[in-house]
Amino acid sequence: MSVEKLSKAFGTNIVLRNIDLSIEQGQFLTIFGPNGAGKTTLIKIISTLVSPTSGRVMIDGIDIKEKPIEIRKKIGVISHETYLYHELTAAENLRFFGRMYGIENNDIEAKIDDLLKQVGLSYRKNDRVRTFSRGMKQRLSIARALIHDPPILLLDEPYTGLDQHASATFDRILDSMNAHDKTRVLISHDIERGISMCDRAVILTNGNIAHEMSGSEIGDLQKCRAIYERYVQEHA
């Protein structure tokens, strides 16, 4: 995946400024930054939910603006927004998204049962989502994002609303993924969690990539904290 000279403005408000970013297949990238840095806008552009003002994003050699439907089949998005239908049951939500992604009827029920088991919601399979707690909705949104087994996962503050048990479940699911197959991009305010999961990190401030961390920097949590605080203060 490559992000090339990407900019985004909402009226006179410039949110992203000429971003260049290359993400290799199987890489786990964490994006840190203060509120308003442009992190969520970047994720929404990559996932084809928002169009850039200029620049482009390429996935598997495809400009995402040219074939957005094809690109969406390659991406799973887990966000603080669950993107669930509250009047449908847990199973009906997963069935709807599975069929939207072209999963055959012969395979979909087994996938639904397996994913609900992974996120600890088998016992609520036939209950309407509007009766779920915030944490349960977030767990179901994890299953929704994984229903079509996407090679790219975009994780926008995915731990929002998860209790300790659900967070551990999500960690286990991420750890079980084959790193050679799954590219993961995480947005997080949690330095400790974000650093512990990734093999590369960038700091986004005021719509710019201010710093990139890898190798020895990633292995030193206190150094990462100091670097983050310095760049955020410089661009405050």
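# A tour of one helix pair, two pockets and a cavity

Select α3 and α5 to begin: their axes come within 9 Å and cross at roughly 25 degrees. The model is a predicted one. Angles under 35 degrees count as roughly parallel, and α3 and α5 are therefore roughly parallel to each other. The crossing in which α3 passes α5 is right-handed.

Next, show the side chains where the two helices touch. On the α3 side pick Ala 90, Leu 94 and Phe 97, which meet Leu 140, Ala 143 and Arg 144 of α5. By class, this contact has five nonpolar residues, no polar ones and one charged.

Keep Phe 97 selected and turn to the largest pocket. Its volume is about 380 Å³. The pocket is lined by 15 residues, and those closest to its centre are Leu 49, Arg 72, Phe 97, Met 100 and Tyr 101. To see where the walls come from, colour α2 (68-72), β6 (75-79), α3 (90-100) and α5 (134-146), each of which supplies at least two lining residues. Which element gives the largest share of this lining? That is β6, with three residues. Coloured by class, the lining shows nine nonpolar, three polar and three charged residues.

Now stay with β6 and add α1 (39-46): each supplies at least two residues of the lining of the largest cavity. A search of the whole structure finds one cavity of 30 Å³ or more, and the volume of the largest cavity is about 40 Å³. Select Thr 40, Ile 43, Lys 44, Ser 47, Leu 49, Val 77, Ser 79, His 80, Glu 81, Tyr 83 and Asp 156 to display the lining. Leu 49 belongs to this set and is also among the residues closest to the centre of the largest pocket. The most comes from α1, which gives three residues to the cavity lining. Four of the lining residues are nonpolar, four are polar and three are charged.

For the last stop, select helix α4, residues 105-118, which contributes five residues to the lining of the second largest pocket, the largest share. This pocket holds about 210 Å³ of space. Which residues lie nearest its centre? Of the 12 that line the second largest pocket, they are Asp 114, Leu 115, Gln 118, Leu 146 and Asp 149. The lining of the second largest pocket divides into seven nonpolar residues, one polar and four charged.

How values were computed: Residues numbered from 1 in each chain as written. Predicted model: local features only at pLDDT ≥ 70, side-chain atom pairs only at ≥ 80, totals over all residues. Heavy atoms only, no water. 1 Å grid on protein atoms, 1.4 Å probe; cavity = no way out; pocket = protein on both sides within 12 Å on 5 of 7 lines; lining within 4 Å. Points joined across faces, edges and corners; volume = space filled by probe spheres on them. Helix = DSSP H or I, 4+ residues; strand = E, 2+ residues; numbered from the N terminus. Nonpolar A, V, L, I, M, F, W, Y, C, P; charged D, E, K, R; others polar. Axes fitted to C-alpha atoms, helices over the stretch in contact; angles between N-to-C directions. Parallel < 35°, antiparallel > 145°, perpendicular 65-115°, else oblique. Left-handed = near helix turned anticlockwise from the far one by under 90°. Contact = heavy atoms within 4.5 Å.
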